[in-house]
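Colleague: Before we discuss any detail, please take me through the reasoning behind the labels, setting each value against its definition.

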Amino acid sequence: MADVNTASAAFLATIPSPDQGVWHIGPVPIRAYALCIIAGIIVAIWLGERRWANRGGTKGTVIDVAVFAVPFGLVGGRLYHVITDNQLYFGEGKNPLNALKIWDGGLGIWGAIALGAVGALIACRRRGIPLPAMADALAPGIVIAQAIGRIGNYFNQELYGAHTDLPWGLEIYQRYNPANPDDFLNGVALGHVPLPDSPVHPTFLYELLWNLGVALLIIWADKKFRLGHGRVFALYVAGYTAGRFWIEMMRTDTANHILGLRVNVWTSILLFAAAIVYFVLAAKRGPREAPETLWSKDVPREDSAEPADTSAEATHVDVAAAPDTVRDSAADKATEDPKPEAEK
């Protein structure tokens, strides 16, 4: 009995996995992973709009940029995943068409950022605004969106680490899909039968918490030091890759290796170094961008003055109806020089 109680206590101390990550409304699948990606995009746009407007930019610009950046980013994220994990889609017994099934998961953040930046650049040039300033406004929202996306990995029961006895270990279960016994992603856990390594390190949770910490860091640094010229974005890249380095080392999912290290570990190292170099060099460009440079060229500024009307009717002042300051000014003018203009 003591052994049973001990086992029960250990189980209750762990984090259970969801029974499934996909639900069906008729023939339509509702995927938790996709919902998390959508929620992250919405949060990133909302926060980016607030930050852009607070810096003096045109309201609505971030939404316009997202129209280009989001689809570009989704394609880039998928391309990065397919390239770095090509053995999943190409080779003997593989179906290359599965590379198009983005709904089954598999997005590489750096492909999404790289190609998303191309889309953002197109939008920024159309608006006549600097891309580095836009990147600074979007950076906190992007890393928060990444954190939200990691919740989708929780529902997919993926991207975890090795076995652990820590209290926050994640229980992972066998899932069964009657339509395809080999398709665990779309399966359902029946009876909560644990997988051999369960419980495991919830590395997606570690990254989620790390990302939220990075978001707080760059928001604080931007507010305190008034960073500009892409330095907030560089700080985001450096902060994120610093965490991704050690978290990636803990993961046990299949990945390609170079010189004994996972591909994403090398990517993190290189991007961290590049971000630090850019952060230092961009400081030489001087203070943060002036607000007037962030205003879209095709939108009239709200604070711009209307052309002056110099007609006689427009220049006539009704002193009786004018505010006290105007009446006082008119009275002072009359007492200063009562002579007619011809006598001056």
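Modeller: A helix here is a DSSP run of H or I with at least four residues, a strand is a run of E with at least two, and both are numbered from the N terminus. The model is a predicted one. In these terms, His229 sits in the loop between H6 and H7.

Colleague: Why does His229 count as buried or exposed?

Modeller: The relative accessibility of His229 is 9%, and buried means under 20%, so His229 counts as buried. The phi of His229 is near 60°, a positive value in a residue that is not glycine. Most residues other than glycine have a negative phi.

Colleague: What makes Arg226 count as buried or exposed?

Modeller: Arg226 also belongs to the loop between H6 and helix H7 (231–250), and has a positive phi of about 50° without being a glycine. Its relative accessibility is 53%, and the cut-off for exposed is over 50%, so Arg226 counts as exposed.

Colleague: Which residues does a cis peptide bond join, and what is omega there?

Modeller: The bond runs between Ser198 and Pro199, with omega about -5°. Pro199 is found in the loop between strand E4 (188–194) and helix H6 (203–225).

Colleague: How do you know that the span of helix H8 agrees with what is expected?

Modeller: Helix H8, residues 263–282, has 20 residues, and its C-alpha atoms reach 28 Å from first to last, which is close to the 28 Å expected at 1.5 Å a residue. Its buried residues include Val263, Val265 and Ala275, and the buried residues of H8 pack against helix H3 (61–84), helix H4 (109–127), H7, strand E5 (257–258) and strand E6 (261–262).

Colleague: What makes E1 and E2 a pair of strands?

Modeller: Pairing needs at least two bridges, and four bridges join strand E1 (residues 22–25) to strand E2 (residues 28–31), so the two pair, and they run antiparallel. One of the bridge partnerships sets His24 against Pro29 in E2. The hairpin has two residues between the strands, and Gly26 takes a positive phi near 65° there.

Colleague: How many cavities of 30 Å³ or more does a search of the whole structure find, and which residues line the largest cavity?

Modeller: The search finds one, and the largest cavity holds about 30 Å³ of space. Its lining consists of Gly21, Val22, Arg31, Tyr33, Trp103, Asp104, Asn156 and Leu185. These lining residues divide into four nonpolar, two polar and two charged.

Notes: Residues are numbered from 1 along each chain as its sequence is written. This is a predicted model: local features need pLDDT of at least 70, side-chain atom pairs count only at pLDDT 80 or more; totals for chains, interfaces and linings use all residues. Side-chain values use heavy atoms; hydrogens and water are left out. On a 1 Å grid over the protein atoms alone, a cavity is a set of points where a 1.4 Å probe fits but cannot get out, and a pocket is an open set with protein on both sides within 12 Å along at least five of seven lines; lining residues have an atom within 4 Å of a point. Grid points are joined across faces, edges and corners, and a volume is the space filled by probe spheres set on the points. Ala, Val, Leu, Ile, Met, Phe, Trp, Tyr, Cys and Pro count as nonpolar, Asp, Glu, Lys and Arg as charged, and the others, Gly among them, as polar. Buried means under 20% relative accessible area, exposed over 50%, partly exposed in between (1.4 Å probe, protein chains only). The expected span of a helix is 1.5 Å times one less than its number of residues. Contact means heavy atoms within 4.5 Å.
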